[in-house]
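Student: I'd like a close look at one part of this model, namely how its helices, rings and buried residues come together. Could you take me through it in one go, starting from a single buried position?

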Amino acid sequence: MSTLVFGHKSPDTDSTGSPIIWAWYLNQIKGVEAKPVLLGEPNTEALFVLDRWSLDKPDIISEVAADTPVVIVDTNNPAELPDSINDADIQGIIDHHKLVGGLETKGPIDIRIEPLACTATIMWKMIGKDMAQMPANIQGAMLSCILSDTLEFRSPTTTNEDKAIAWDLAQALDINIPEYAAEMFAAKSDVSAFSEAELLRMDSKEYAVDGKQFRVSVLETTSPAQVLDRKDALMAAMPGVATEDGADQVLLFVVDILSEEATLLVPNDLVKSIAEKSFDASVAGDTVVLPGIMSRKKQIIPNLKV
């Protein structure tokens, strides 16, 4: 039985590329039959990366059969994984997020969690000397994951290791990082084909604060006007998405990659209070600009207060 390798629901570039990277490593280096899969449709940037590096889009699954061997990457949160995840045979976890708890394994497993900006950075370190055997298109996926998660080194989650490994990969691939990152971010910024509900779920995570359940959504873009021009429709869609997803409120942060700031949509008094308490912001309308806010993991979720 093949080992399935997958990341979180609403897959971004890291949760699309890292399963491909690790499945290659298991198959080609470790001799373990493995298959990358996704837990949803990848975002536009991830689709661009797959096309740019001639990589097949992994199959999309929603459930995992009992006792299926799996490796979980880019998350350790059961809420971001199939409901049946604890019935699977979890073989390993590779992640760069805080430890959440709630996963159950059938025996001792390999876990690697490091405070780095990207799962692919950790994988580069784990693969070590065997990187010499990695094909260029898999290296391209690895570079793309790092540039995406670090926002081309603008994100406060970026470490010197992320930077050094990205530059090493770029040199090997003869890639100009600023030019390539601009192409990636342009692909990420084109959200015209998505409905408001799809945008609210595209890059989102569940998070509870003081008894309130939130869907914390982030849209990273070099063209924030494309999203903010739809703010009325997005705010109108929030109650329905929240109800369907079992949340009290959707929080949408539109991150301007180039200006290095986020705009939070403020549809009601609850979100206004959250903005004021969490970010010391002064809210006068239905949006508020939060200078310097770029990272959900490091700057948004740890500061949320109700």
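Tutor: Happy to! Glycine 17 counts as buried because its relative accessibility is 7%, under the 20% cut-off. Please keep in mind that this is a predicted model. Glycine 17 sits in helix α1. Leucine 39 is 22 residues away from glycine 17 in sequence, and the C-alpha atoms of the two are 13 Å apart in space.

Helix α1 brings us to helix α3, since α1 (13–30) is among the elements that cover the buried residues of α3. The cover also includes strands β4 (69–73), β5 (89–95) and β6 (110–113), along with helices α4 and α5. The residues buried in α3 (residues 119–127) are Thr119, Ala120, Thr121, Ile122, Met123 and Ile127. After α3 comes glycine 128, with a positive phi near 60 degrees.

Let's stay with α3 and turn to its partner α5. Two packed helices are described by the angle between their axes and the distance between the axes. For α3 and α5, the axes come within 10 Å and cross at roughly 70 degrees. The two helices are therefore roughly perpendicular to each other, as angles from 65 to 115 degrees are classed that way. On the α3 side the contact is made by Thr121, Trp124 and Lys125, and on the α5 side by Glu161, Asp162, Ile165, Asp168 and Leu169. Sorted by class, this contact of α3 with α5 has 3 nonpolar, 1 polar and 4 charged residues. Thr121 is worth a second look, being one of the buried residues of α3 and also part of the contact with α5.

Helix α5 also takes part in an aromatic pair. The count of aromatic pairs in the model comes to 5. The ring centres of phenylalanine 153 and tryptophan 167 are 6.1 Å apart and the ring planes are at 35 degrees, so this pair is tilted. The pair links distant parts of the chain, 14 residues apart: phenylalanine 153 is in the loop between α4 (136–150) and α5 (160–173), and tryptophan 167 is in helix α5. Phenylalanine 153 is buried, with a relative accessible area of 18%, whereas tryptophan 167, at 46%, is partly exposed.

Another pair has its ring centres 5.9 Å apart and its planes at 75 degrees, so phenylalanine 253 and phenylalanine 279 are edge-to-face. This pair, too, links distant parts of the chain: phenylalanine 253 is in strand β9 (residues 249–256) and phenylalanine 279 in helix α10 (residues 269–279), 26 residues apart. Both phenylalanine 253 and phenylalanine 279 are buried.

Phenylalanine 253 leads on to threonine 263, which has Phe253 among its contacts. Threonine 263 belongs to strand β10 (residues 261–265) and counts as buried at 9% relative accessibility. Beyond its neighbours within four places in sequence, threonine 263 is also in contact with Leu228, Leu252, Val254, Thr287, Val288 and Val289.

Ring pairs also join Phe48, Trp53 and Tyr180 into a cluster. Phe48 and Tyr180 appear again where α2 meets α6. Helix α2 (residues 44–52) packs against helix α6 (residues 177–189) at an angle of about 130 degrees, with the axes 7 Å apart. That angle makes α2 oblique to α6. The crossing of α2 past α6 is right-handed. From α2, Thr44, Glu45, Phe48, Val49 and Arg52 meet Tyr180, Glu183, Met184, Phe185, Ala187 and Lys188 of α6. By class, the contact of α2 with α6 has 6 nonpolar, 1 polar and 4 charged residues.

Helix α6 also holds serine 189, which counts as buried at 2% relative accessibility. Serine 189 touches Thr221, Thr222, Ser223 and Gln226, leaving out residues up to four places away in sequence. Its C-alpha atom is 8.7 Å from that of valine 227, 38 residues away along the chain.

Finally, a word on backbone angles. Most residues other than glycine have a negative phi. Serine 54 is not a glycine, yet its phi is positive, about 50 degrees. Serine 54 lies in the loop between α2 and β3 (59–60) and is exposed, with a relative accessible area of 62%. Aspartate 74, in the loop between β4 and β5, also has a positive phi, of about 65 degrees, but aspartate 74 is buried, with a relative accessible area of 2%.

Terms used
Residues numbered from 1 in each chain as written. Predicted model: local features only at pLDDT ≥ 70, side-chain atom pairs only at ≥ 80, totals over all residues. Heavy atoms only, no water. Helix = DSSP H or I, 4+ residues; strand = E, 2+ residues; numbered from the N terminus. Buried < 20%, exposed > 50% of the residue type's maximum accessible area, 1.4 Å probe, protein only. Contact = heavy atoms within 4.5 Å. Axes fitted to C-alpha atoms, helices over the stretch in contact; angles between N-to-C directions. Parallel < 35°, antiparallel > 145°, perpendicular 65-115°, else oblique. Left-handed = near helix turned anticlockwise from the far one by under 90°. Nonpolar A, V, L, I, M, F, W, Y, C, P; charged D, E, K, R; others polar. Phe/Tyr/Trp six-rings, centres within 6.5 Å; stacked < 30°, edge-to-face > 60°.
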